[in-house]
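Thank you all for coming. I would like to walk you through one structure today, going slowly for anyone who has not met it before.

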Amino acid sequence: MNEWEIATVVLMTALIPCGWVCLRRSFAEGVVAVQLAGTIGALALLVLAEGEGREPFGDLAVVAAPLSFAGVLMFLRFLERMR
Amino acid sequence: MSLQDAAVYLLLGAGVACEVIACLGVVVMRNVYDRLHYVGPAALGAVLIAAAVWAREGPSGIALKATVLAAFLVVASPALAHGTARAARLSRFGDWRPQREEGIEVEDS
C-alpha cells in the first residue's frame, strides 16, 4: 500500500463515526454528520484516484461534492419545516 | 526521501489529520451548533490534500480536479454550515433570530 491508499483507508474509516451520529443523534445533528461525510467521501475518492494512478476517477470526486451539497440542502429544507 | 516526497507526506498527513479531527469533533460535541464548528476544518483538509496532489503531480489533470474540488468545498462548506445553523434554529424556535427565552438581550424592533 502506498501513502495515498493508506490515506484513503483512514478517510473511509472516518465515515463510520459520521454514520454513528446519523443513526444515534437527532435529525439536525445527523445533517451535520452527512455534510461532513460528503466532504470526506469526495476527498477519499480523489485520494484513491491519485493513489491508483487513475486520473479519470478524479471526476467522481468532483461530481460527488456538488451532489452531496445539493443533498444536504434538501435535508435542510426538511429540517426547517420540522417542529 | 526527496524534498518533494517530504512535502507530499506532510501535506497529505496534515489534510487527513484535519478530516479525522473534524470527524472526532462532530462525534464528541454535545449539540448541533457545537458540532457545526468542526465542519470548517474539513474544507481546510481539502486544501491541504489538493496541495499534496499538486506537490506530487505538478500541473496536471488530477491536480486541476483537486483544485476545483478544494475551491468548491472552501466556498460551499461555510455556506452549508450557516444554512444548517439557520435551519436548526427555525426547527427549534420557529425563527432564526435570538429569542427572549434564550437569555440573550434582544432589542425591540
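Let me begin with the contact between the two chains, to which chain A gives 38 residues and chain B gives 36. Please keep in mind throughout that what you see is a predicted model. On the side of chain B that touches chain A, the elements giving two or more residues are helix H1 (3-28), helix H2 (32-36), helix H3 (40-57) and helix H4 (61-93) of chain B. Of these, H4(B) gives the most, with 17 residues. If we sort the residues on that side of chain B by class, we find 26 nonpolar, 7 polar and 3 charged.

Now a few words about chain B taken by itself, which has 4 helices and 0 strands, so that is the α-α-α-α pattern you can read along its sequence. Its C-alpha trace spans about 60 × 25 × 20 Å along the principal axes, and its radius of gyration is 19 Å, where a compact globule of 109 residues would have one near 13 Å. Buried residues make up 40% of the 109 residues in this chain. Among the contacts in chain B with a separation of 6 or more, 54% join residues that lie 24 or more positions apart.

Let us return to the place where the chains meet, and look at two pairs of helices in turn. Two packed helices are described by the angle between their axes and the distance between the axes. For the first pair, helix H1 (residues 3-24) of chain A packs with H1(B) at an angle of about 10 degrees, the axes being 9 Å apart, and because of that angle H1(A) counts as roughly parallel to H1(B). From H1(A), the residues involved include Val10(A), Leu11(A), Trp20(A) and Val21(A), and among those they meet in H1(B) are Tyr9(B), Leu12(B), Val16(B) and Cys23(B). By class, this contact of H1(A) with H1(B) has 15 nonpolar, no polar and 2 charged residues.

The second pair is helix H2 (residues 27-52) of chain A with H3(B), whose axes lie 10 Å apart at an angle of about 10 degrees, which means that H2(A) is roughly parallel to H3(B). On the chain A side the residues include Leu36(A), Ile40(A), Leu43(A) and Glu50(A), while H3(B) brings Ala42(B), Gly45(B), Ala46(B), Ile49(B) and Val53(B). Here the classes come out as 9 nonpolar, 2 polar and 1 charged residues.

Staying with H2(A) for a moment, this helix has 26 residues and reaches 36 Å from its first C-alpha to its last, close to the 38 Å expected at 1.5 Å a residue. Why can we call H2(A) largely enclosed by the rest of the structure? The reason is that 22 of its 26 residues are buried. After H2(A) comes Gly53(A), whose phi is positive, near 70 degrees.

Finally, let me pick out a single residue, Val72(A), which is found in helix H3 (residues 58-81) of chain A. Is Val72(A) buried or exposed? With 23 other C-beta atoms within 10 Å, where 20 or more are needed, Val72(A) is buried. Leaving aside residues up to four places away in sequence, Val72(A) touches Val31(A), Val34(A), Gln35(A) and Gly38(A), and also Leu80(B). By contrast, Asp59(A) is 13 residues from Val72(A) in sequence and 20 Å from it in space, C-alpha to C-alpha.

Note on methods: Residues numbered from 1 in each chain as written. Chains lettered and ligands numbered in written order. Predicted model: local features only at pLDDT ≥ 70, side-chain atom pairs only at ≥ 80, totals over all residues. Buried ≥ 20, exposed ≤ 12 C-beta atoms within 10 Å, placed from the backbone. Contact = placed C-beta atoms within 7 Å. Nonpolar A, V, L, I, M, F, W, Y, C, P; charged D, E, K, R; others polar. Rg over C-alpha atoms; globule rule 2.2 N^0.38 Å. Axes fitted to C-alpha atoms, helices over the stretch in contact; angles between N-to-C directions. Parallel < 35°, antiparallel > 145°, perpendicular 65-115°, else oblique. Expected span 1.5 Å × (residues − 1).
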